[in-house]
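This report walks through one structure for a reader who has not met it before. Please keep the sequence and the three-dimensional view at hand while reading.

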2 protein chains.
Amino acid sequence: MKRIGKQTLEFSTPPTIIGHGAVAGRKEAAGPLAADFHQTFDDTTLNTQSWEKAEAQLQKEAVSVALGNAACSPQDIHMIFAGDLLNQCISSTFGLLDYQIPFLGQYGACSTMAQTLLMAAIMVESGAADRAAAVTSSHFCSAERQFRTPLEYGAQRTPTAQWTATASGCVILGAGGKVKVRHGLAGKATDLGVKDPANMGAAMAPAAADSIFQYLTDTGTSPKDYDGIFTGDLGAVGSSLLLDTLKDNGFDLSGVHNDCGLMLYDREKQDVHAGGSGCGCSAGVLCGHLLGRMERGELRNILFCATGALMSTTSQQQGEAIPGVCHVVHLTT
Amino acid sequence: MKRIGKQTLEFSTPPTIIGHGAVAGRKEAAGPLAADFHQTFDDTTLNTQSWEKAEAQLQKEAVSVALGNAACSPQDIHMIFAGDLLNQCISSTFGLLDYQIPFLGQYGACSTMAQTLLMAAIMVESGAADRAAAVTSSHFCSAERQFRTPLEYGAQRTPTAQWTATASGCVILGAGGKVKVRHGLAGKATDLGVKDPANMGAAMAPAAADSIFQYLTDTGTSPKDYDGIFTGDLGAVGSSLLLDTLKDNGFDLSGVHNDCGLMLYDREKQDVHAGGSGCGCSAGVLCGHLLGRMERGELRNILFCATGALMSTTSQQQGEAIPGVCHVVHLTT
């Protein structure tokens, strides 16, 4: 492993994705990427007693699929990196408890899929783990209850609001898989003063611009060198801001960029306003759709740039702005 | 880096601690380790408008001291691993924002100091970072408000309850320092069914026993090979359970073990019931007292075994038990 430029890591012996699993709820199963999920649940309680337990169950299922896909048992996995949006990351704690894999809780808000993937890749390349897993989740109902209002209140959503995905994604890294982790970049928390919790896309776009700019600069590559640059989840508002900002700084992402929040749902028909969000959105899109396309040879060379909004209801109520963060992972076949 | 036994990592070129900082509040400054803190604050608001902002300020100050101690500027640090007890880890986000260091949020509850230290060490040994920082914090007032009751309610505490420390600790890892990171172990989340949030020590003791047993087994060492085995924070109840459990499993820690939660306060005079707790307790004891003693040559070879209780108020209200986790780091001069 070596550092190139200011912030980018280059993997000398690229770790590979040996298994992946993506599971989702009913609304996601009605969207354009439905066929790419390994499992979907029409009953989004997943037969549990609470939305929080349902979300934990999503992680458990995603890991189970990924383990099967990698033909591994839990004992084969030396470390699991996991996190979610719930207070104290309880979806991860309780969802993964039964697996008894050494557990390293991560908090990157909706950037968690990229953060956990990057950590797992570093563990495998460095020899700290032969195989390491990365997993995250979100659930519309647990997120609404915690961050906004309980669903029963029927609160109205603004046009800039995004829809928290009910989904989970897991990858298992090791040797011998088709998709390789080539480079990674850990992002800085970036705060340009956006304070509107119903406009997370705008809050996270500066972080995405900063990390993608730095990555392209460090590697001396340009957007057209990639089959796709996938952010997650800026939605419609944040994506537009990202493209404008990067264009002003010399990188034109048009035609190459897409956003997991814009891919997961049909915005014309599914009433998700500015798009999808939540850790499970980019995790589900990566571990279902994107890795599926890479395995089928439809994509060979992509950047996965998950973004997170680092806030809580308390920081919000105390008048703090919403810092964003974006971690970048370069995947090739 | 190589794996030995089932779960332990051995660092081939041990990363070293090139700087450390520990800061604390008034109660900690009245305790037996007062002289070991680099800075203490008589006004525990730290001149901020809320307890949450005060806790963020603690992290900022601890990093500032550690940077000065390491003669580094923030740009010299390639990654910072940070986490805390507040929802969505806002003390870390807001406390570290100004430093603009690539940010990897961690969630390990009160085990965070060991988890961040282990991650930072792996980054330095693997070449992912030349220098990496690890930091965590807790604040009595922000923790009471979030997890228990606002202070103004004057709720009564049970004898098994622990006192959340107002403190923060930071280490900076790189090359050339006196204290070396020799081994590490990432722990499993362990749940033996303890449900009492006023008895965290009992909830975490099984995880500490599991990780320490595994570490000693993997390395083929015995407790007497170490100058000290420091858990944090089991308090009086958890420490007693740990010693009993390990004795039943062939390892006698008596005379070698101490617990950061029992060291930080004078339990006779300071009314902390079963001892200290909170991420800042073990972080403050490590980054102030223990590393100070290692630098002065009073300790040469220790295990730092921070423990965390992986729960939230929601998981508690929904009847879940409290899983514990314990990560182990072996430090020598």
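Does B:Cys281 count as buried or exposed, and at what relative accessibility? In this predicted model, B:Cys281 counts as buried, because its relative accessibility is 0%.

**Cysteines**

The count of disulfides over all chains comes to 0. For A:Cys305, the closest cysteine sulfur is that of A:Cys326, and the distance of 5.2 Å is too far for a bond, given that a disulfide needs sulfur atoms within 2.5 Å. B:Cys281 is likewise in no disulfide, with the nearest cysteine sulfur, in B:Cys260, lying 5.9 Å away. A:Cys305 counts as buried at a relative accessibility of 0%.

**The surroundings of B:Ser282**

B:Ser282 has its place in helix 9 of chain B, which covers residues 279-295, and with 0% relative accessibility it counts as buried. When neighbours within four places in sequence are left aside, B:Ser282 is in contact with B:Cys110, B:Met113, B:Gly232, B:Asp233, B:Cys260, B:Phe304 and B:Ala306. B:Gly174, by comparison, is 108 residues from B:Ser282 in sequence, and the two C-alpha atoms are 21 Å apart in space.

**Backbone features**

Two of the contacts of B:Ser282, B:Gly232 and B:Asp233, are joined to each other by a cis peptide bond with omega of about 5°. B:Asp233 is found in the loop between strand 11 (228-232) and helix 7 (235-248) of chain B. In chain A, the peptide bond from A:Gly232 to A:Asp233 is also cis, with omega near 10°, and A:Asp233 lies in the loop between strand 11 (228-232) and helix 7 (235-248) of that chain. Such features deserve a remark, because most residues other than glycine have a negative phi, and most peptide bonds are trans.

The table lists residues with a positive phi.

| Residue | Phi | Citation of place |
|---|---|---|
| A:Gln88 | about 55° | loop between strand 5 (79-84) and helix 3 (90-96) of chain A |
| B:Ala71 | near 55° | loop between helix 2 (51-70) and strand 5 (79-84) of chain B |
| A:Ala71 | near 55° | follows helix 2 of chain A |
| B:Gly250 | about 95° | just after helix 7 of chain B |

A:Gln88 counts as buried, because its relative accessibility is 3%, whereas B:Ala71, at 70% relative accessibility, counts as exposed.

**Two helices**

Helix 7 of chain B has 14 residues, which at 1.5 Å a residue should span 20 Å, and its end C-alpha atoms are indeed 20 Å apart, in agreement with that expectation. The buried residues of helix 7 of chain B are B:Gly235, B:Gly238, B:Ser239, B:Leu242 and B:Leu246. These buried residues cover an arc of only 100° around the axis, and therefore they sit on the same side of helix 7 of chain B. The face turned away from that buried side carries the exposed residues B:Lys247 and B:Asp248. Among the elements that cover the buried residues of helix 7 of chain B are helix 6 (200-219), strand 11, strand 12 (257-259) and helix 8 (260-263) of chain B.

Helix 2 of chain A, residues 51-70, has 20 residues that should span 28 Å at 1.5 Å a residue; the end C-alpha atoms are 29 Å apart, which agrees. The buried residues of helix 2 of chain A include A:Glu52, A:Glu55, A:Gln59, A:Ala66, A:Leu67 and A:Ala70.

**Nonpolar cores**

Where do the contacts inside the largest nonpolar core concentrate, and on which residues? This core has 126 residues, and those with the most contacts inside it are A:Ile172 and B:Ile172. Apart from neighbours within four places in sequence, A:Ile172 is in contact with residues including A:Ile17, A:Ile18, A:Ala66, A:Leu67, A:Ala70 and A:Ile77. A second, separate core of 110 residues includes A:Ala120, A:Leu173, A:Cys287 and B:Ala134.

**How the two chains are related**

A turn of 180° and a shift of 0.0 Å along the axis lay chain B on chain A with an RMSD of 0.0 Å. The two copies are therefore related as by a two-fold rotation axis. Of the interface residues of chain B, 100% are also interface residues in chain A, so the copies meet through the same surface.

How values were computed. Residues numbered from 1 in each chain as written. Chains lettered and ligands numbered in written order. Predicted model: local features only at pLDDT ≥ 70, side-chain atom pairs only at ≥ 80, totals over all residues. Heavy atoms only, no water. Helix = DSSP H or I, 4+ residues; strand = E, 2+ residues; numbered from the N terminus. Buried < 20%, exposed > 50% of the residue type's maximum accessible area, 1.4 Å probe, protein only. Least-squares fit on C-alpha atoms with pLDDT ≥ 70 in both. Contact = heavy atoms within 4.5 Å. Expected span 1.5 Å × (residues − 1). Arc of directions from axis to C-beta. Core = buried A, V, L, I, M, F, W, Y, C linked by side-chain atoms within 4.5 Å.
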